[in-house]
Amino acid sequence: MLSEHDMVVAEEELSQAVAKCWNNDFDGSLSVLKPRSKSDPRYAMELACVTLVRDMMSADTGSKMRLGKMFGSAGELASSQKDKYTESSSIFTFLQFSESHRHKNWSSADLWKLLCEVIEADAVLNLAMSQVFTQNYIYAGLNFRRAWSCYHSLHKILKSHQSSLPLSICDRIKYGVGAFYVALSLVPSTILVVLSALGFVANAEVGVEYLRDVFHGGGVRSAVAALVLLFYYLFIPSGLEESTQKLVAAESVLDLACQRYPNNSYFFGFRNFHCRKIGDTLKALTCIDTAINNAHRAAESNEFVSQGTRGTLLLSYMRADTLFMDQQWEEAAQAYKKISEEVQQERHDFEFTGTMALAQCAAHVMLHNYTRATEYLNSVEEVSNRNSKQDIQTLFLVRILGQDRTKMYLAAYLVLYTSRDMAHLGEQAREKLLVSLSAMDERHSLSSRKDTRAMTLLFKGCLLSSRSINQALSSWLEALSLFKVHGPHNKKFGSNETDNLPVVSPLLPLLHYEIGELQYRTGHNSAAEAHLTICKKLKAEKTDTFINRCNRALHYLHKSK
């Protein structure tokens with residue numbers, strides 16, 4: 001039987017443990033959570049979350065599998081404890097729940113069972129997400145289905161009985177439902193098809209609203225609600241939606257989170273991404289340096305951190321990416337090299353080994369070290385982490401470049417374009433890249449061949465898009481004309497041939513997407529829909545991220561009609 005434990009003390013303890021974790025005091029957090037993690041599913045769940053926060057810093061693909069097991073164990077404990085509550089007048093008194101309004105029609109045992117069901121659902125959702133990131137889509141789909149079944153029931157309870165439930169349980173249900181809706185924005189469309197067949201209807205707006213409530217409430221789930229919100233605001237493709245509002249919302253979350261947890265690393269890391277999205281690379285470097293310094297102090301004072309993170313690899317990688325975006329090619333190349341050497345020395349299952357090799361290739365191209373660049377390009381396939389979604393995408397980029405040295409000269413532009421950093425560059429940075437692109441074209445005769453000319457025009461259009469819509473459109477349409485594919489740019493558009501397009505260059509979907517988005521921005525919705533539809537139907541190789549972006553754009557366009 002579950003031993004009696006005052007719920008006020010439990011909630012206070014859990015809140016303190018969470019605050020310590022996000023302030024990089026992992027040992028202090030563990031001292032609270034570990035003693036009860038084998039008997040109380042709330043403590044087991046928070047212990048898994050603390051380990052998640054620690055292991056994210058290392059970007060170790062193996063840790064995602066281990067975390068899946070930890071969340072699975074927490075869920076099993078919650079399932080086994082549902083009916084093991086000992087009734088007591090002193091138990092289940094909530095700090096936020098007034099005595100005169102306490103419980104209403106809910107017995108303490110019923111509330112405990114409900115709480116265990118919420119934890120069980122959270123565990124299944126986290127397990128599903130760990131399987132998505134390790135490319136295990138079949139099991140991820142099955143667990144998303146399980147999670148949806150749980151959350152669907154819990155959501156009904158929340159809407160019917162919110163006024164009679166303790167705020168602590170309401171927050172947990174809101175977090176779970178909100179995180180589920182947002183998580184579905186990250187998964188491949190194949191999983192969504194399975195869930196749709198079960199009656200699932202995506203509702204990211206409700207999810208975000210719930211997560212905001214939980215974050216501002218400041219309870220146990222507050223910090224992790226902020227984490228999910230920031231993923232939504234900064235990482236999920238916006239498609240045709242206006243991104244300015246998301247960036248403003250992200251900044252609001254970051255301000256409060258950094259105020260609550262001044263010694264954190266992750267929220268300063270997210271602030272780095274936020275600054276990159278507004279084109280402020282210098283401020284982005286300051287933010288990531290703060291995150292790294294906080295992490296170093298944590299590693300010095302926490303045994304748990306020093307055992308688990310192998311330094312600050314993810315944060316150091318983010319800093320190298322920021323240097324790359326800032327076109328500090330030499331510094332970026334050296335930063336990537338240092339991380340690669342540490343990964344190799346520690347035999348660390350790092351998530352970005354192939355991605356770093358391609359970035360080093362690109363940086364050396366911009367430094368005119370072509371022999372070194374070729375060596376790095378040739379090494380990408382060998383060093384790539386096959387369990388990493390990011391490295392899988394990098395292998396796709398290598399296939400675009402091929403073994404042809406001529407395409408290699410455009411590697412830096414391809415990396416910046418694919419990461420979307422190119423779309424967020426300031427005007428001076430864009431102009432600098434345009435000058436370099438023109439010089440690269442002249443030096444290596446990139447325009448003399450159809451494939452490299454098409455790539456050059458794609459990147460040129462992106463760099464021009466903030467300055468001159470007409471010039472950007474002209475570049476993309478010229479690139480499109482190099483391919484023998486019917487589309488909205490010629491008279492044959494509208495024929496049945498668009499329903500069965502052949503396998504084509506992976507550049508074609510990118511061009512159609514860019515033209516479609518630009519047409520939408522200029523109010524030409526019919527032309528936008530035509531290009532985006534062809535982008536979706538083209539049987540060219542595409543990444544999951546790009547497919548997601550295209551689907552979201554079409555969904556938004558149809559919804560706005």
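The chain folds into 27 helices and 0 strands, and the model that shows this arrangement is a predicted one. Of its 561 residues, 57% count as buried, while the surface that the chain exposes comes to about 23,700 Å², with carbon and sulfur atoms supplying 50% of that area. When contacts between residues at least 6 apart in sequence are considered, 69% of them join residues at least 24 apart.

Individual helices give a more detailed view, and α10 is a suitable place to begin. Its 13 residues should span 18 Å at 1.5 Å a residue, and the C-alpha atoms at its ends are indeed 18 Å apart, which agrees with the expectation. Helix α10 is mostly covered, since 12 of its 13 residues are buried; among them are Ala223, Val224, Ala225 and Ala226, together with Leu227, Val228, Leu229 and Leu230, and also Tyr232 and Tyr233.

Helix α10 also takes part in enclosing empty space. A search of the whole structure finds 2 cavities of 30 Å³ or more, and the largest cavity contains about 110 Å³ of space. Of the 16 residues that line this largest cavity, those closest to its centre are Trp22, Glu46, Cys49, Val50 and Arg221. The elements that contribute two or more residues to the lining are α1 (7-22), α2 (26-33), α3 (41-56) and α10 (222-234), and of the contributions to the lining that of α3 is the greatest, with 5 residues.

Cys49, which is among the lining residues closest to the centre of the largest cavity, also enters into the question of cysteine pairing. The structure holds 0 disulfides, and for Cys21 the distances show why: the closest cysteine sulfur to its own is that of Cys49, at 8.2 Å, which is too far for a bond when a disulfide requires sulfur atoms within 2.5 Å. Cys21 is itself buried, with a relative accessible area of 2%, and Cys462 is likewise buried, at 9%.

Further along the chain, helix α12 (residues 266-277) has 12 residues and reaches 17 Å from its first C-alpha to its last, close to the 16 Å expected at 1.5 Å a residue. Because 10 of its 12 residues are buried, α12 is largely enclosed by the rest of the structure. The buried residues of α12 include the aromatic residues Tyr266, Phe267, Phe268 and Phe270, but also Arg271, Asn272, His274 and Arg276. Just after this helix, Gly279 takes a positive phi of about 80°.

Positive phi values also occur in two loops, at residues other than glycine. Most residues other than glycine have a negative phi. Gln327, although not a glycine, has a positive phi of about 60°, and is found in the loop between α15 (313-325) and α16 (329-346). His368 has a positive phi of about 65°, again without being a glycine, and is placed in the loop between α17 (353-366) and α18 (370-383). The surroundings of the two residues can be set side by side: Gln327 is buried, with a relative accessible area of 7%, whereas His368 counts as partly exposed at 42% relative accessibility.

In helix α24 (residues 469-480) lies Ser475, which counts as buried at 6% relative accessibility. Once its neighbours within four places in sequence are left aside, Ser475 is in contact with Leu457, Lys460, Gly461 and Leu464.

The path ends with helices α26 and α27. Helix α27 (residues 544-559) has 16 residues and reaches 22 Å from its first C-alpha to its last, close to the 22 Å expected at 1.5 Å a residue. Its buried residues are Phe546, Asn548, Arg549, Cys550, Arg552, Ala553, Leu554 and Leu557, and what covers them includes α11 (244-260), α25 (507-521) and α26. Helix α26 (residues 525-537) holds Glu529, a residue that is partly exposed, with a relative accessible area of 22%. The C-alpha atoms of Glu529 and His558 are separated by 8.5 Å, although the two residues are 29 residues apart along the chain.

Methods: Residues numbered from 1 in each chain as written. Predicted model: local features only at pLDDT ≥ 70, side-chain atom pairs only at ≥ 80, totals over all residues. Heavy atoms only, no water. Helix = DSSP H or I, 4+ residues; strand = E, 2+ residues; numbered from the N terminus. Expected span 1.5 Å × (residues − 1). Buried < 20%, exposed > 50% of the residue type's maximum accessible area, 1.4 Å probe, protein only. Contact = heavy atoms within 4.5 Å. Areas by Shrake-Rupley, 256 points an atom, 1.4 Å probe, with all protein chains shown as cover. 1 Å grid on protein atoms, 1.4 Å probe; cavity = no way out; pocket = protein on both sides within 12 Å on 5 of 7 lines; lining within 4 Å. Points joined across faces, edges and corners; volume = space filled by probe spheres on them.
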